[in-house]
Amino acid sequence: MSRLGEGLPLETGVPGVFLSPPGFERVIGLLRTGVAALAADEPFHRLVIPPVISRKTIERAGYVAAFPNLLGTVHGYGGTPSGWARLKPLVEEGGEWYAQQQIGDLVLLPAACYPVYATLADSALAEPAKVTVEASCFRQEATSEPGRLRSFRMLELVTVATEEHCLKWRAARLEQVEGWFQELGLDVSVEVADDPFFGPGRKLYQAAQRLQELKWELKVPVADGQVQAVASANYHKEHFGETFGITAGGELAHTSCVAFGLERLALALINRHGADSRQWPESVLAAFGGADA
Ligand code: ATP
Ligand code: ZN
């Protein structure tokens with residue numbers, strides 16, 4: 001295999017950050033086509049999302065309060081040129097040249113769906129909003145077992161609408177995605193899940209989240225002895241509707257999203273069928289459908 005790799009992600013020397021060679025990107029491409037085929041039964045608006053988001057939006061959405069340990073912030077130097085002259089030698093010495101870096105108005109995007117809610121802020125929806133988004137996400141994960149990256153891509157189907165619509169939509173999509181994973185030959189289990197809230201309230205939040213079945217995860221093996229959630233189906237109740245002032249049918253809007261972790265899914269497929277997707281069984285390749293991504 002060449003130094004630049006073929007099928008599996010290349011290590012970069014920092015945990016949870018990988019380079020994707022062509023064979024791996026072919027699998028990611030198949031996944032994009034497959035999700036587009038799944039989503040072809042509804043008119044989704046497709047948005048490509050940058051890897052950064054307004055810090056204020058993420059504060060407002062409650063992410064900082066719940067997951068301060070996972071958020072990657074963006075800092076920059078706001079000092080004077082003469083101030084920098086004093087700091088500059090520290091770069092070569094391996095010193096703290098960054099001591100005067102200041103937080104900016106952006107943070108690294110932690111999940112692909114946040115920009116959708118922020119974009120719909122202060123609107124009144126007469127019809128359900130349906131959006132597909134793909135973004136590079138960042139989470140400052142504490143561990144780096146197989147499938148746990150710090151920089152990874154998330155593809156999501158998102159809807160903003162009434163409570164009834166969001167609940168039905170999520171249930172139908174969850175069932176559809178489970179069936180799709182089975183067609184792909186993946187050994188999938190569907191489980192009620194929670195998010196890794198940080199701090200003293202953690203257990204309480206997680207219990208409430210589980211009790212209300214707000215999050216379902218689809219788990220599959222991504223490596224020998226390593227099962228990870230490759231997708232989740234989430235219902236946020238009126239949390240984002242309230243936060244961003246969105247209404248649907250005259251009431252506070254509810255939201256649901258189905259999020260696919262592209263790298264995890266690619267790893268799971270490679271673990272199951274081998275690194276060269278061109279050699280995968282016809283039945284598996286057929287399960288990606290042919291819709292335009
Ligand atoms: P919410 O919208 O409720 O904030 P979400 O559905 O957008 O949550 P998660 O459920 O946390 O976000 O993540 C969605 C998917 O992204 C996971 O099922 C997984 O496949 C992928 N993912 C999450 N964290 C990582 C990670 N550290 N490395 C690789 N993939 C990840
Ligand atoms: Zn989401």
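**Zinc site, ligand shell and sheets in a predicted model**

Q: Which protein atoms are the donors of the zinc ion (ligand 2), and how far from it do they lie?
A: In this predicted model, the zinc ion (ligand 2) has as its protein donors the SG atom of Cys-113, an OE atom of Glu-156 and the SG atom of Cys-257. Along the chain, these donors follow the spacing C-x42-E-x100-C. Their distances from the zinc ion are 2.2 to 2.4 Å.

Q: Which distant parts of the chain are linked by Glu-156 and Cys-257, and how many residues apart are they?
A: Both residues are protein donors of the zinc ion, and the pair links distant parts of the chain. Glu-156 belongs to strand E9 and Cys-257 to strand E15, and the separation between the two is 101 residues.

Q: Where do E9 and E15 stand in the order of the open sheet of seven strands?
A: The pairing in this open sheet is mixed, and the twist from one strand to the next averages 25°. Reading along the sheet, E9 is followed by E15 in the order E3-E8-E9-E15-E12-E11-E10.

Q: Why is one side of strand E3 and of strand E10 left without a neighbour in the sheet?
A: Strands of a sheet pair through backbone hydrogen bonds, either parallel or antiparallel. E3 runs parallel to strand E8 (residues 129-138), to which four bridges join it, and Val-48 stands opposite Glu-134 in E8. Strand E3 (45-48) and strand E10 (189-193) each have one side left without a neighbour because they stand at the edges, each with a single partner strand.

Q: Which element gives the most residues to the shell around ligand 1?
A: The shell around ligand 1 holds 22 residues, the closest being Glu-141, Leu-149, Lys-215, Ser-232 and Asn-234; by class, eleven are nonpolar, five polar and six charged. Strand E9 (151-161), strand E12 (226-235) and strand E15 (254-261) are the elements that give two or more residues to this shell. The most, five residues, come from E12.

Q: How much of the area that ligand 1 exposes when taken alone does the protein bury?
A: Oxygen atoms of ligand 1 lie 3.0 Å from a backbone N or O atom of Ala-229 and 3.1 Å from a backbone N or O atom of Val-230. An N or O atom in the side chain of Asn-234 is 2.5 Å from an oxygen atom of ligand 1. Taken alone, ligand 1 exposes 630 Å², and the share of this that the protein buries is 93%.

Q: Which residue in E6 is the bridge partner of Ser-54?
A: E4, E6 and E5 form an open sheet in the order E4-E6-E5, with antiparallel pairing and a twist that averages 60° from one strand to the next. Strand E4 (52-54) and strand E5 (73-77) stand at the edges, so each has one side without a neighbour in the sheet. Three bridges join E4 to strand E6 (residues 101-108), and the partner of Ser-54 in E6 is Leu-106.

Key. Residues numbered from 1 in each chain as written. Chains lettered and ligands numbered in written order. Predicted model: local features only at pLDDT ≥ 70, side-chain atom pairs only at ≥ 80, totals over all residues. Heavy atoms only, no water. Near = heavy atom within 4 Å. Polar contact = N/O pair within 3.5 Å; in protein donor to acceptor, adjacent residues only side chain to side chain. Areas by Shrake-Rupley, 256 points an atom, 1.4 Å probe, with all protein chains shown as cover. Nonpolar A, V, L, I, M, F, W, Y, C, P; charged D, E, K, R; others polar. Pairing = 2+ DSSP bridges. Axes fitted to C-alpha atoms, helices over the stretch in contact; angles between N-to-C directions. Donors = N, O, S within 2.8 Å, 3.2 Å for Na, K, Ca; no water.
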